[in-house]
Amino acid sequence: MATAALAEAHDEHHYTSTGLPHTKIAIWAFIGSECFFFASLIATYLIYKGRSVVGPFPHTPWVDPATGQHFKPILNIPVTSASTFVLLMSSLAMVLAHSAVVRGDRKWSKIWLASTALLGATFLGFQAYEFTSFVHEGLKITTNLFGSTFFTLTGFHGAHVTAGVLWLVTMLFIDFKRGLGPRDAINVDVMALYWHFVDVVWIAIFTLVYLIQ
Amino acid sequence: MTGHHRARRLYHAALTTVFALGLAACSDVPNTIFGAHSEFGHAEDRLTYLLLTLGGLVFVLVEGLLLFVVLKFRARPGNPTPKQTHGNTTLEVTWTLIPALILAFIAVPTVRTIFQTQEKAPADALQVEVIGHQWWWEFRYPQYKVTTANELYLPVGRTVSFTLQTNDVIHSFWIPQLGGKRDLVHRNKPNYLWFTPESSFVWNGFCAEYCGTSHSNMRFRVFTVPQQEFEAYIAHQQSGPAFPVAQATPADTAKGKGAAPVAAQQVAQTTPAAPGPSENTGTWPHDKLPAWSVPNTPLPAGLTMTAEEGDAARGAQLFKASPCIACHTIQGVSPGTIGPNLTHVGSRTTIGGGLYPNDLKHLAMWIKDAPMMKPGVIMPAMGKDAPQVPGAPPKMGQYTDQQIADIAAYLSSLK
Amino acid sequence: MATTVAAPRAAGPKHKYESGIWSWLATTDHKRIGQLYLYTALAWFLVGGIEAFIIRLQLYGPNGRIVSAETYNQLFTMHGTTMIFMAIMPLSAAFFNFLVPLQIGARDVAFPRLNAFSYWVFLAGSIFMNVSWLFHAAPDGGWFAYAPLNTRVYSPGLNMDFWVIGLQILGLSSLAAGFNFITTIINMRAPGMHFMRMPVFTWATFVTQFLIVLSFPFITVAVTFLLFDRFFGTNFYEIAAGADPLLWQHLFWLFGHPEVYILILPAFGLVSEVLPTFSRKPLFGYPVMVYSLILIAFLGFGVWAHHMFAVGMGPIADSIFGITTMLIAIPTGVKIFNWLGTMWGGSLRFTTPMLFAIGLVSLFTIGGISGVMHSSPPSDLQQTDSYFVVAHFHYVLFGGSMMGLFAGIYYYFPKITGRLMSETLGKWHFWLTFIGMNLTFFPMHFAGLDGMPRRIWQYDANQGWDVDNHISTIGAAILVVATLIFVINLVRSRRSGARAGNDPWGAPTIEWSIPSPPPAYNYATIPTVRSRYPMWDMKAPELTASVPHSPAGEKEVTVKVGGATAGHIETPADTQLNAENAHPSAHELGIVMPTPTIKPLLATLGLCVSFFGLIWHRHVPIIILGGVIFVAALYAWLLTPLEPEH
């Protein structure tokens, strides 16, 4: 049996006014709400940008006046560009996975679902690397306003990616157990909407936090 | 002095009629926002009158209509089914446009008043820096290098420009009779407010933004005085502490620790006279305070003070060696800046953020156990047998009641 | 597609969750969840009322000594937090749950288990917040808890920890319900139930849910920052680290002002149901009522900074927010006039729900007028943070929301329980509430205009506030009596009120076509809706005819109020008839209903464990344990189909 969401969407005795399954409407409402959530986080980052009283800073070096210690600019744009590329590719894989499920292609649905999950996990790996290296370079969540806003914003995004990866792995597990077919397409569709949304949020974060100085 | 404003009266009368209770109109209302005593207050009042008039009209119209409908259209036996109307476009457009029109009548003067009252203050205005603390007010006159607390003297007829900052959480500066209010939000980025007091009197001020445990006990007094009185006040505040510490010290030490009480009393009687009683300190005569500006806060149960009279000279000595100096400034004596400046504390009418009258008894009990006198205060208890309030800072002194009375006498003498 | 009435099946073995306490813990029935919301919220309403009454006793005269300053600050913080998040919002939620599926002709909400989860999370959050009393550490930062007073430096105790975590939990509940009801209303309307045929309460719910899902993210973020500051040492509100204390205010009021409409729109919706019924006239200007709801919600997002006129935003921002606030008065005024238009020319029956509905119209008007006074920043500067504001928002929240909700309770009680509430006690309740409410809150206008700041523990004598405060406290005592009468009425009527039948009021909407209380499946046949007021619409008599009624339901009972027989209720002869057994079960009709499950409750328990771990010295293993329970329950829930295989 598929997930309950599927059961709810596909039971034929359920009349729906729009003809769309419930989950599809719910995920859009959820995404609308999440937009405001991330908008608040990003806005806070931008409002506090340049207001930290101590370094290190995102784009400029800093010398601690107390100790004379030098700090490099924190953000490593080449590395993050790579991880952004990985996440973008995962959205492509997601599209292909969805189309394979719609076609009923058991083999490629597994391959593309696994690729999406793997690319998502790779992105998380990049983020783990990024976070640890920032901490080594002297930026913790408690260090300054930049640290607090940056880690909270990207951390919440990472948590969303993690939830997405778990969702993908669960779906993959179901695929291996009983195979996903066209009747499961709506579930993969809803998952894909979530995944693309998380991806789009990252594009906004990458542009506003990393690229704009 | 607050009663001669017809609009306020009318308003009260109208609403109390509706309310069928004439009680509210009878009471004296010293802190009313109506009939303000500054141009800022007048500007606010004018809008409030306009809003009350229009609001009153809407109130009468809507409630009257409702009453009419309720009385006229009540179901009676044998009533036929009423006509099933679903709406009426003309009517609905009308009652959309009328409120819009009323609001336009409000919006235009509103925007004009906003820009008027938030213009830059005149360059020659009296500058006053207001700094909010949990839970007291620090007032500085940067043009005169005077710092005081909880009592503010302003000259009548001269614009005063406040810069408002906080030392900790957000407070709000409000003197209802002079206009207000403005929040004290930031530490390094002041808010501004200016007005010109029109008449000489005593006004109550309040903290209007909830700021923690003793929010209700963060009050202040404003004395608007004629220009020459204000100058005298400032000149006096600029001078050093009224009690000549340097003179008192040898007198006290010469007598030794076991000095006869008689001798000590002589010192106490003579020394406070140093600035001269005839000199105009510019302070408001304490016997001419209106009732509303004399605090009535009852003393806490369980706090006693056995000593009745203190020796100011001994108190001066005790003060110099006490933990008090870490937090309080007395010009030339102590440097602390955490608590209010005490250089001229004796000239003030209240203590504890407007909570108690500034007399020897209240002052002594305050010193003995401030946390009992005012919840949440960070000043620790000083008295030997002062009960330790749970959660209050640990007791910092072991002073006897007599010693505390001495310190109180000293502080009171700092006119 | 709509199921046709099938031949009765042999009833299967009874599920263990179908009776007793388990039937409540495992319920996914929107009607049961609605009742859970109703009674829980009423319980918190009493708690919040007791808090308010202690506040009033303390303020009866100058320098009151009933409670300490610390306790007083906890009382007003918890009074506000309780009434807003644990009484009015969940009372509205009770009606969302109970009514929306009935009004749109559905069998349940879109996600019944998520619905159960919302309730349990609300219950957990409200208990969590109030457990703080046992530690003498109830939240004490005010219900909008301004930074930096809410940070660890200025509020070192557990008090604000309870608040920040409690609010986070309550927010989760509202968000989950929001997604659920948006989906339900968009997707589960019966055939023919076009948007412009929906009952106005459903419209109000629909708009409110959008407000919830779009405004709660702001408070979630604000509270998350505070939680991180308090627990992990971040700097969001750390002034020394360069933070701006106004960040909190902007985020809070971006949520807080839409929240005001979240509190009032459902009451507007209920009143828009009650007034037509007892005027025997359709709602005047239905489309305008719907558009004004939408417009209020839309404008509600653009007025938040009118709570901040005193913080020094500058003349341009003050002007803009002043004008947007004035604009929002227009659609609100239109609602008042349209309600008057509804009653105009009607045949008004003054039942208790009608009295409360009229009470809303009259009292909300006063709150609306003082609201417009606040929209003018220079005038507002003298009013903000004074008792004038306290008067204003109590006229809006008590005179508006609570009056509307009481109207809803008296109106829908027969549908919920199958029994009518006593009209005699109801009228006592109304008149005492109306008088007590005005005595309590009207003098606060004077106190505020006479310079009394809000949230003060004590005030000095000779300030000219004594009389106002005496009257307020006397009014509050009357409200206590009124509320007691309400509780007695509720308890007695639930046990032995007169049987209601399907439609005791002669109401126009389809929820009155089915038995009271409705069977688990609501509608044996999903109705086809042909008009806005099907029960009144003589053009479609087949609508009610096609709905199978219980034997009890066919004997219609009408409350003849107004005229000579006011208050008299005719009951069917067979009052002993048990309505529950009188209509066929879902089994017999072949209707597939969701399986009861305790998994949403288990998921909630997991969350509780985590949050207790957080407040309990940040005990990491407990936090993780709770997380594991939550995720496990979530998986168990999502991987089980909603309904039995068929």
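Before we start, one definition: the axes used for helix and strand directions are lines fitted to C-alpha atoms, and the angles between N-to-C directions run from 0 to 180 degrees. Keep in mind that this is a predicted model.

**Exercise 1. A sheet in chain B**

Work out which strands stand at the edges of the open five-stranded sheet of chain B, and why one side of each has no neighbour.

*Solution.*
Step 1: Write down the strand order, which is E4-E10-E9-E6-E7 in chain B, with mixed pairing.
Step 2: Go to the edges. There you find strand E4 (151-155) and strand E7 (179-184) of chain B, and each has a single partner strand, so one side of each is left without a neighbour in the sheet.
Step 3: Look at one pair. Strand E6 (residues 171-175) of chain B pairs with E7(B) in the antiparallel sense, over five bridges. His171(B) has Leu184(B) of E7(B) standing opposite. As a reminder, strands of a sheet pair through backbone hydrogen bonds, either parallel or antiparallel.
Step 4: Check the twist. If you ignore direction, neighbouring strands of the open sheet E4-E10-E9-E6-E7 (chain B) are turned by 20 degrees against each other on average.

**Exercise 2. A helix on that sheet**

Find which strands helix H5 of chain B lies across, and the angle to E4(B).

*Solution.*
Step 1: Locate helix H5 (residues 227-238) of chain B, which lies across E4 and strand E10 (219-225) of chain B.
Step 2: Compare directions: helix H5 of chain B runs at about 135 degrees to E4(B).
Step 3: Zoom out. Chain B has eleven helices and 14 strands, and 49% of its 415 residues count as buried.

**Exercise 3. Ala147 of chain C**

Decide whether Ala147(C) is buried or exposed, and list what Ala147(C) touches.

*Solution.*
Step 1: Place the residue: Ala147(C) sits in the loop between H4 and H5 of chain C.
Step 2: Count neighbours. Ala147(C) has 27 other C-beta atoms within 10 Å, and the cut-off for buried is 20 or more. Ala147(C) is therefore buried.
Step 3: Skip residues up to four places away in sequence, and Ala147(C) touches Tyr237(C), Pro245(C) and Trp248(C).
Step 4: Pick out Pro245(C). This residue is 98 residues from Ala147(C) along the chain, yet their C-alpha atoms are separated by 5.4 Å.

**Exercise 4. Two domains of chain C**

Describe the contact between the two domains of chain C.

*Solution.*
Step 1: Get the bounds from the domain assignment: domain 1 (33-594) and domain 2 (599-646) of chain C. Their C-alpha centres lie 30 Å apart.
Step 2: Count both sides. Domain 1 of chain C gives 17 residues and domain 2 of chain C gives 16 residues.
Step 3: On the domain 1 side, helix H4 (112-131) and helix H5 (159-187) of chain C are the elements giving two or more residues. H4(C) gives the most, with eight residues.
Step 4: Sort the domain 1 side by class, and you get 15 nonpolar, no polar and two charged residues.

**Exercise 5. Where chains A and C touch**

Find which helix supplies the largest share of the side of chain A that touches chain C.

*Solution.*
Step 1: Count the residues: 35 from chain A and 39 from chain C.
Step 2: List the helices of chain A that each supply at least two residues to the chain A side: H1 (4-10), H2 (22-48) and H5 (145-178).
Step 3: Choose among them. The largest share, 13 residues, comes from H2(A).
Step 4: Sort the chain A side by class: 17 nonpolar, 15 polar and three charged residues.

Notes: Residues numbered from 1 in each chain as written. Chains lettered and ligands numbered in written order. Predicted model: local features only at pLDDT ≥ 70, side-chain atom pairs only at ≥ 80, totals over all residues. Contact = placed C-beta atoms within 7 Å. Helix = DSSP H or I, 4+ residues; strand = E, 2+ residues; numbered from the N terminus. Nonpolar A, V, L, I, M, F, W, Y, C, P; charged D, E, K, R; others polar. Domains from an automatic or database assignment. Buried ≥ 20, exposed ≤ 12 C-beta atoms within 10 Å, placed from the backbone. Pairing = 2+ DSSP bridges.
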